[in-house]
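Look over the chain below before you read on. This report covers its overall build, one pocket and some charged pairs.

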Amino acid sequence: MNAQNKTDVPTFLDDQEKSLVRISALTAVGDLEQLTAQLNAGMDSGLKVNEIKELLVQLYAYCGFPRSLNGINTFMNVLSDRKTKGIIDKQGNAGKVPDSNRDKYEEGRKVLEILTKSTQVKPAPGFGEFAPRIDAFLKEHLFADIFESDVLNFKQRELVTIAALTAMTGVEAQLKSHVGMGINTGITEDQLAEVADLIQKTINITQANTLRKVLSRPEHPIAAPDMLVRISEIEIIPEYLEAYNSILKEEAAASVKVEPGVIAIFPMYVIENPNQIRIIEIYANKQAYLSHLETAHFKLYKTGTLKMVKSLKLVDMNSIDPETMKLIFSKMGK
């Protein structure tokens with residue numbers, strides 16, 4: 001059984017715990033590009049190979065085999081790349097070999113009692129009575145086969161689970177349950193608030209707010225008061241249209257992809273006159289816009305298209321219905 005001591009609980013998450021959160025969240029949503037970077041960061045922070053393997057295996061129970069397997073394949077590629085670069089990563093604890101003759105349902109039931117600090121009857125009321133096989137899978141596989149492995153302790157496993165559930169949509173009830181379990185393993189509410197901050201930076205504000213809501217913490221506004229919304233009206237000299245569109249596409253894609261403060265750069269053309277370009281630009285705040293102007297991709301766009309632009313008009317906009325605008329961003333996962 002894992003030792004789950006709650007004494008001397010630190011105030012903040014350490015670097016390895018932060019990596020567990022980021023890796024779990026990105027695996028759950030299937031963002032393999034960011035996951036590659038965070039897997040490297042996790043190894044650099046001191047996480048062992050087997051610890052990350054265990055994390056990725058555990059997540060299949062929460063976000064499904066496809067996301068788990070994609071995470072594992074991504075990790076294999078990361079390790080291969082690091083080996084090529086001469087980086088020697090520590091393997092860590094491989095985990096104990098379980099007794100094949102044990103009563104796995106009973107073991108899982110006892111683990112769940114430790115996590116929930118409540119009696120777990122057999123079968124579980126409700127879903128367990130309706131679908132006994134899922135109750136057996138939950139106890140025998142998740143909370144016995146997986147949670148009983150000593151590669152990660154209960155606190156680490158709950159951080160992994162809470163991060164994944166926070167990053168995913170439509171699982172608020174399960175998130176609430178695991179927040180309670182996480183607190184029972186020694187995770188503090190302040191540390192959970194830090195998890196929400198990490199999810200905001202790694203995934204988005206909307207998903208971070210699902211955890212803040214469970215914690216009864218103030219939710220962060222999706223649309224900041226100084227959010228900048230603009231429509232750029234541009235006319236392109238016809239002979240340069242193809243070249244301009246190519247440069248614009250690259251600039252818009254780079255801006256949305258790499259700049260956290262760029263919510264949208266959405267280029268369009270007027271159907272009846274393709275030389276007339278319209279760009280909806282949305283920046284999280286004024287500072288995000290000013291930072292955007294200093295990026296290499298924007299400067300490349302600006303200098304590369306000067307001779308192509310016949311006219312340019314920037315129209316700053318304001319929302320008539322800010323509350324509905326928040327719902328739009330919520331639907332988009334921003």
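Helices (H or I, at least four residues) and strands (E, at least two) are DSSP runs, numbered from the N terminus. F127 sits in helix α7 (residues 127–130). This is a predicted model: local features need pLDDT of at least 70, side-chain atom pairs count only at pLDDT 80 or more, and totals for chains, interfaces and linings use all residues. Residues are numbered from 1 along each chain as its sequence is written, and side-chain values use heavy atoms, without hydrogens and water.

The chain has 16 helices and four strands. Its C-alpha trace spans about 80 × 50 × 40 Å along the principal axes. Of its 334 residues, 42% count as buried. Buried means under 20% relative accessible area, exposed over 50%, and partly exposed in between (1.4 Å probe, protein chains only).

**The pocket**

F127 counts as partly exposed because its relative accessibility is 43%. F127 is also among the residues closest to the centre of a pocket, the second largest. A pocket is an open set of points on a 1 Å grid over the protein atoms alone, where a 1.4 Å probe fits, with protein on both sides within 12 Å along at least five of seven lines; lining residues have an atom within 4 Å of a point. The second largest pocket has a volume of about 670 Å³, the space filled by probe spheres set on the points. Helix α8 gives the most to its lining, with eight residues.

**Salt bridges**

How many salt bridges does a search of the whole structure find? The search finds 18. Each is a side-chain nitrogen of Lys or Arg within 4 Å of a carboxyl oxygen of Asp or Glu. Three pairs are listed here.

| Pair | Closest N to O |
|---|---|
| R109 and E106 | 2.5 Å |
| D135 and K139 | 2.5 Å |
| K310 and E235 | 3.8 Å |

The K310 and E235 pair links distant parts of the chain: K310 is in strand β4 (residues 309–317) and E235 in strand β1 (residues 228–236), 75 residues apart. K310 is exposed, at 59% relative accessibility, while E235 is partly exposed, at 23%.

R109 and E106 are three residues apart in helix α6 (residues 104–116), so about one helical turn separates them. R109 is buried, at 15% relative accessibility, whereas E106 is partly exposed, at 26%.

D135 and K139 are four residues apart in helix α8, so they too are separated by about one helical turn. Both are buried.
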